[in-house]
Amino acid sequence: MSKKVFVKTFGCQMNVYDSDKITDTLKNIGYEKSEDLDSANCFVLNTCHIRDKAKEKVYHEIGRVREAFLNKKKPLVIVVGCVAQAENSEMLNREPYIDLVIGPQSYHKLNETILKFEKNKQKNEITDFDTLEKFNYLSKIQNKNSKVSSFLTIQEGCDKFCHFCVVPYTRGPEYSRPFNQIIDEANRMVQNGSKEIILLGQNVNAYRYKEVSKEFRLSDLIMSLEKINGIERIRYTTSHPRDMTKDLLDCYKNSKKLMPLVHLPIQSGSDKILKLMNRKHKVKEYISTFNYLKKINEKIEFSSDFIIGYPGEEIEDFENTIKLIDTIKFINSFSFIFSPRPGTTASKLKPIDEKISKVRLKIIQEKLFGYQKLKNKSFENKYIDVLVENEIKEQKKLFGRNIYMNSVIFEGSKSLIGKVVQVKVVKTNQNTLIGEFSNKYKFKAA
Ligand code: SAM
Ligand code: SF4
Ligand code: F3S
């Protein structure tokens with residue numbers, strides 16, 4: 001019987017990138033990618049630990065797999081990602097259905113660990129921080145995923161230790177991949193049909209790679225990708241406000257392919273809360289980054305992340321967050337109630353009343369969604385550039401994104417996939433722009 005692997009992914013874009021790499025890696029030991037769990041004999045669960053109930057979600061998921069395979073041969077069950085790193089051997093003790101637990105910096109050991117397990121059925125847990133080896137190994141694995149828009153991890157881990165965050169513990173210390181390794185990978189993605197590259201890192205703008213006397217930064221990567229024929233769009237995420245250096249900001253002057261949406265999480269509009277969070281920057285500096293970019297290009301828009309109800313958040317702090325939202329008018333954002341994470345500094349602080357947090361979250365989200373809807377509405381009856389990513393089979397429609405990452409749905413021929421086309425927006429809602437393909441305008445061949 002052929003070997004098949006089904007990978008389920010929770011969490012951030014980096015997990016999506018990792019899951020693709022895992023599928024590519026497993027091909028080398030005979031596992032083909034399966035689109036459904038039922039036909040798989042290996043189940044990989046890629047996990048996220050960022051907010052509460054992360055652990056429970058994992059065990060719940062494993063329970064569902066056990067049920068699905070009740071009358072069938074048990075699949076090989078592997079837990080990877082940030083919960084794997086945080087919980088390590090605990091997972092094997094608590095849930096005997098799990099066979100292997102492998103942390104994010106040990107994916108280069110996946111194949112040998114699986115092969116060993118196939119022979120001796122011995123459960124194993126690998127959670128070393130071996131980032132250099134991992135990327136050396138994974139960069140040699142051929143990318144077999146052909147996607148119009150591709151994630152590309154350039155930096156991993158974090159040394160910033162914001163008091164609320166588990167990432168420095170689950171992803172380990174900051175590591176920047178060699179410059180040429182990244183450019184080679186981008187070229188391979190383009191050969192496989194990618195038109196958009198989204199550079200990834202937990203602190204993507206902290207990217208620094210030294211070679212002899214030259215230090216490469218994110219700005220160098222952007223300007224090098226700019227020169228690759230076939231790349232139409234460049235994005236990067238997630239950035240930290242402290243690392244928005246001038247060379248990076250000036251890419252918005254010098255690059256034609258860098259998209260005008262800046263995702264820059266601030267978490268709170270109160271300096272007092274930013275200090276308590278250990279963010280090490282002030283609201284004023286954030287606004288001045290915004291103003292600098294707006295001067296370069298009026299079309300540039302911001303999106304952000306907010307944590308509501310952080311320990312110590314008083315009504316004035318909350319009002320300052322509202323004020324900041326009114327100043328920047330973010331066009332898209334994520335907002336969450338603070339969730340105490342094990343091992344972090346903030347988990348020891350006195351939490352604020354949950355009811356208050358819930359009310360504040362509702363107010364913030366209404367405000368954020370208001371600006372989001374307003375921006376979307378401003379596209380109505382206008383022609384926008386859309387990079388067509390795929391077909392929504394059930395609706396027989398095409399799916400793509402505009403320059404601000406908004407989802408756009410319209411009718412058109414499948415031959416448009418991979419091209420930047422012009423679409424007239426006819427209707428909008430909070431999350432989607434509905435459009436019509438405009439053949440009045442000549443589309444740019446990709
Ligand atoms: N490195 C990015 C930065 O510094 O902004 C953030 C990366 S984190 C994976 C994504 C988002 O999750 C954060 O921006 C924050 O809003 C949210 N987050 C992280 N820890 C959280 C916690 N303990 N409770 C609630 N939200 C949290
Ligand atoms: Fe977490 Fe981002 Fe802070 Fe790092 S910079 S600790 S990833 S929130
Ligand atoms: Fe989650 Fe780990 Fe990403 S905790 S957000 S999967 S870095």
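Let's start with the lining of the largest cavity. Tyr17, Asp20, Lys21, Asp24, Asn143, Asn145, Lys147, Ser150, Phe151, Glu185 and Met189 form that lining. This is a predicted model, where local features need pLDDT of at least 70, side-chain atom pairs count only at pLDDT 80 or more, and totals for chains, interfaces and linings use all residues. Residues are numbered from 1 along each chain as its sequence is written, chains are lettered from A and ligands numbered from 1 in written order, and side-chain values use heavy atoms, with hydrogens and water left out.

What is a cavity here? On a 1 Å grid over the protein atoms alone, it is a set of points where a 1.4 Å probe fits but cannot get out; lining residues have an atom within 4 Å of a point. Points join across faces, edges and corners, and volume is the space filled by probe spheres set on them.

Back to that lining. Which elements give it two or more residues? They are α1 (13-27), β7 (149-153) and α8 (179-191). Helices (H or I, at least four residues) and strands (E, at least two) are DSSP runs, numbered from the N terminus. The largest share, four residues, comes from α1. By class, the lining has three nonpolar, three polar and five charged residues. Nonpolar means Ala, Val, Leu, Ile, Met, Phe, Trp, Tyr, Cys and Pro; charged means Asp, Glu, Lys and Arg; the others, Gly among them, are polar. The space inside is about 110 Å³.

How many cavities of 30 Å³ or more are there? Two. The second largest holds about 30 Å³. Its lining is Asn205, Tyr207, Arg208, Arg217, Leu218, Ser219, Thr245, Asp247 and Leu248. Here α9 (218-226) and α10 (246-249) are the elements giving two or more residues. The classes split into three nonpolar, three polar and three charged.

Next, ligand 3. Around it sit Cys12, Asn15, Thr47, Cys48, His49, Ile50, Cys82, Arg171 and Gln202. Being near it takes a heavy atom within 4 Å. That shell has four nonpolar, four polar and one charged residues.

Last, the cysteines. How many disulfides are there? Zero, where a disulfide is a pair of cysteine sulfur atoms within 2.5 Å. Cysteine 42 is in none; the nearest cysteine sulfur, that of cysteine 82, is 19 Å away. Is cysteine 42 buried or exposed? It counts as buried, because its relative accessibility is 0%. Cysteine 158 counts as buried too, at 9%. Buried means under 20% relative accessible area, exposed over 50%, partly exposed in between (1.4 Å probe, protein chains only).

Methods. On a 1 Å grid over the protein atoms alone, a cavity is a set of points where a 1.4 Å probe fits but cannot get out, and a pocket is an open set with protein on both sides within 12 Å along at least five of seven lines; lining residues have an atom within 4 Å of a point.
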